[in-house]
Amino acid sequence: ICTTDELGDNDGPDFQSGWGLLNARNAAYAISNNSTASIISELSISDGESYITDIEVDGLSPVSISVAWTDPPGKSGSDHDDLSPRLINDLDIRISGNTLTYEPWMMVPNSLSNNFNDPAIKGDNFRDNVERIDIANLTPGTYTITVSHKGNLVNNSQDFSLVAIGLLESTLSVRDQDRLRNSIRVYPIPLQEGDLRIEIPEEVNSGKYTIHVFDSYGKFIESNVFYDNQIMMNLSHLSSGIYFARIVMDNFVAVKRIVIE
């Protein structure tokens with residue numbers, strides 16, 4: 001689904017052509033370049049949690065990211081024309097960066113289910129167990145992928161597949177990135193008094209960095225520029241919940257989870 005060619009009169013999926021025309025060459029390229037110019041991952045999130053990861057893009061290649069999951073069985077309905085959502089575990093994917101948040105495609109049936117020629121729109125897809133985000137022109141830089149969920153997850157967790165194509169290979173190895181991310185301290189967790197402390201080692205801090213705060217759905221909240229290795233952010237204005245601090249340096253990005261009680 002993530003590597004298909006566009007088919008139909010409008011961009012994105014449609015009721016007549018689905019997700020488009022299969023392209024085996026694109027799929028093979030994504031597989032052979034996994035962990036460099038693409039991501040293919042089998043993942044899982046627990047109830048109340050979110051999955052986050054960062055990607056680099058060069059601004060030249062279109063970016064496509066999709067998630068798919070096997071939803072737990074639901075109850076069959078007697079009315080075949082019932083348009084109410086049937087998802088049991090509803091996952092959501094978002095891409096965020098540069099104060100913007102990108103949402104996936106979604107199809108919206110009308111009350112008669114006869115609007116087959118209507119184009120897809122982008123928004124909060126609460127109907128499908130597949131979600132895909134396409135961005136033709138993305139400003140070069142680092143962006144964050146967030147996979148979250150609505151409500152409570154049946155069975156307390158949900159396995160899912162994540163595929164991303166059109167990425168820029170990082171200049172740091174995965175091991176080096178993990179080591180640098182783990183060296184950044186964010187505390188206290190959970191946060192109760194409003195003041196979040198962040199400590200960044202000198203080998204990570206290039207002299208200036210930006211911290212972007214997002215909620216668990218990938219929605220941008222605020223951003224601030226810092227210079228010191230030890231700083232304190234007041235988050236007392238945020239309500240209880242799970243947030244993420246995206247720390248952006250010159251050539252490195254780290255995402256830290258924040259819990260506010």
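This briefing walks through a strand pair and two residues of interest. The model is a predicted one, so please read what follows in that light. One stop is the hairpin of β13 and β14, with Thr 210 sitting in strand β13. The other is Leu 83, in the loop between β3 and β4.

**The β13–β14 hairpin**

- Strand β13 covers residues 209-215 and strand β14 covers residues 220-226; the two pair in the antiparallel sense, over 6 bridges.
- If you would like one pair to look at, Ile 211 has Asn 224 in β14 as its bridge partner.
- Between the two strands of the hairpin there are 4 residues, and Gly 218 in the turn shows a positive phi of about 85°.

**Thr 210 in strand β13**

- Thr 210 has a relative accessible area of 19%, and because buried means under 20%, Thr 210 counts as buried.
- Beyond its neighbours within four places in sequence, Thr 210 is in contact with Ser 223, Asn 224 and Val 225, and also with Arg 246, Ile 247 and Val 248.
- Asn 224, one of these contacts of Thr 210, is also the bridge partner of Ile 211.

**Leu 83 in the β3–β4 loop**

- Leu 83 lies in the loop that runs between β3 (63-68) and β4 (91-97).
- With a relative accessibility of 36%, Leu 83 is partly exposed.
- Not counting residues up to four places away in sequence, Leu 83 touches Asn 110, Ser 111 and Ser 113.
- Measuring from C-alpha to C-alpha, Leu 83 and Val 108 are 10.0 Å apart in space, with 25 residues separating them in sequence.

How values were computed
Residues are numbered from 1 along each chain as its sequence is written. This is a predicted model: local features need pLDDT of at least 70, side-chain atom pairs count only at pLDDT 80 or more; totals for chains, interfaces and linings use all residues. Side-chain values use heavy atoms; hydrogens and water are left out. Two strands pair if DSSP finds at least two bridges between them. Buried means under 20% relative accessible area, exposed over 50%, partly exposed in between (1.4 Å probe, protein chains only). Contact means heavy atoms within 4.5 Å.
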